[in-house]
Amino acid sequence: MWKRIYHTLERTFPSFTVDEWWGVTDPFARMAGSVLVQNTTWINASKALDRLKEAGLLEPAALAGETVERLAEVIRPAGFQRAKSAALLRLAGWVVEHGGVDRLRRLTDSTDELRRQLLLLKGIGPETADTILAYALTRPTISGDAYTRRLWQRLTGEVLSYEQVRRAILAELTEAEDLRRLHGLIVEHGKAICAKRLPRCSACLFADDCRYLHDSI
C-alpha cells in the first residue's frame, strides 16, 4: 500500500523536490537542522542555522570545538538552547570521530549500525537519527513521524507506533531516493491537506479510500 501512497502523493505534488523542500543542500547543515527543528518549526530552525553559518559553525570540527554556553546563544531562535547545543556538540564530535561527512557517506557499515550509533548520542532520538541518515548520509531509511502515522491512521483506521510504520514502509520501498521523497511528500500533504485539525478532504486524492473521511460522513 505504501507504494500506492507514494505514487498518489507524487501526483498531488508533481513539482516537489527534496532540495527545495529542505532549503539547504549541505549535508552537515541538514544534520544540524535535524536537531534544531526538534519541538519547533522549520522557520525557527532555519534562523538558527543561518546564525550558525554566520558564526562559522556549520563545519563539524569548528562546531565540535565550541562550548554549550556560546552555542546556546547562537541557536537561540530554535529554543531549548542548552539541550540542543549539547546534542549538536555530540553530533559534531561523532562526525569528526568518523573523519567527516564525506567519509561517513562512504562507510560500508550498515544503516542499522549507523542508526544504533546515532541513537547512543543523548538528544538524538529515532526521528532525528532517521532524518540524518536519510537526508545527510543518503541511507535507505525513513522517519515514522507524526505526519506519517496520522496519514496511515486516517487511511486505514489502524494506529501504528513510530517503529511499526517505519518498518512497514521499508518492507515495500528500499531505494534511498524514493524514501526521501516519500517522507517529504507526506509532510507536505500533512501540512497542506491532511492537517491535524480541519483537513481539506475535498482536495485529497485519497478521499475515495479514506477511512477517516468515510467515518465522518
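The legends below describe an overview and several close-up views of one predicted model.

**Figure 1. Overview of the chain, with 14 helices and 0 strands.** Local features are described where pLDDT is at least 70 and side-chain atom pairs at pLDDT 80 or more, while totals for chains, interfaces and linings use all residues. Residues are numbered from 1 along each chain as its sequence is written, and side-chain values use heavy atoms, with hydrogens and water left out. Helices (H or I, at least four residues) and strands (E, at least two) are DSSP runs, numbered from the N terminus. Read from the N terminus, the order of elements is α-α-α-α-α-α-α-α-α-α-α-α-α-α. Along the principal axes, the C-alpha atoms fill a box of roughly 55 × 35 × 30 Å. The radius of gyration is 18 Å, which agrees with the value near 17 Å for a compact globule of 217 residues. This radius is taken over C-alpha atoms, and the globule rule is 2.2 Å times the number of residues to the power 0.38. Of the 217 residues, 49% are buried. Buried means under 20% relative accessible area, exposed over 50%, and partly exposed in between (1.4 Å probe, protein chains only). A contact means heavy atoms within 4.5 Å. Among contacts with a separation of 6 or more, 63% join residues 24 or more positions apart.

**Figure 2. Helix α3 and its covered surroundings.** Helix α3 spans residues 27–36, and 10 of its 10 residues are buried. They are P27, F28, A29, R30, M31, A32, G33, S34, V35 and L36. These buried residues pack against α2, α4 (42–54), α5 (60–64), α7, α8 and α10 (126–135).

**Figure 3. D26 at the N-terminal end of α3.** D26 sits in the loop between α2 (18–22) and α3. A side-chain oxygen of D26 lies 3.2 Å from the backbone nitrogen of F28, capping the N-terminal end of the helix. The D26 side chain also reaches the backbone nitrogen of A29 at 2.8 Å. Such a polar contact is a pair of N or O atoms within 3.5 Å; within protein, one must be able to donate a hydrogen and the other to accept it, and residues adjacent in sequence count only if both atoms are side-chain atoms. D26 counts as partly exposed because its relative accessible area is 37%. Its C-alpha atom is 7.9 Å from that of A136, a residue 110 places away along the chain.

**Figure 4. H98 in the loop between α7 and α8.** The loop that holds H98 joins α7 (81–97) to α8 (101–106). Is H98 buried or exposed? H98 counts as buried, because its relative accessibility is 14%. Its side chain reaches the backbone oxygen of W94 at 2.9 Å. Leaving aside residues up to four places away in sequence, H98 touches R103, L104, L107 and Q117.

**Figure 5. The crossing of helices α1 and α13.** Two packed helices are described by the angle between their axes and the distance between the axes. For α1 (residues 2–12) and α13 (residues 176–192), the axes come within 10 Å and cross at roughly 65 degrees. Axes are lines fitted to C-alpha atoms, for helices over the stretch in contact, and angles run from 0 to 180 degrees between N-to-C directions. The crossing is left-handed, a term used when the near helix is turned anticlockwise from the far one by less than a right angle. From α1, W2, Y6, L9 and E10 meet D178, R181, L182, L185, I186 and H189 of α13. By class, this contact has 6 nonpolar, 1 polar and 3 charged residues. Ala, Val, Leu, Ile, Met, Phe, Trp, Tyr, Cys and Pro count as nonpolar, Asp, Glu, Lys and Arg as charged, and the others, Gly among them, as polar.

**Figure 6. R180 of helix α13 and the residues it touches.** R180 belongs to helix α13. With a relative accessible area of 12%, R180 is buried. The R180 side chain reaches the backbone oxygen of A134 at 3.2 Å. Not counting residues up to four places away in sequence, R180 touches V18, A134, Y135, T138 and R139.

**Figure 7. T138 and L198, two loop residues with positive phi.** T138 lies in the loop between α10 and α11 (146–156). Its phi is positive, about 50 degrees, although T138 is not a glycine. T138 is partly exposed, at 37% relative accessibility. L198 lies in the loop between α13 and α14 (211–216). L198 is not a glycine either, and has a positive phi of about 55 degrees. Its relative accessible area is 80%, so L198 is exposed.
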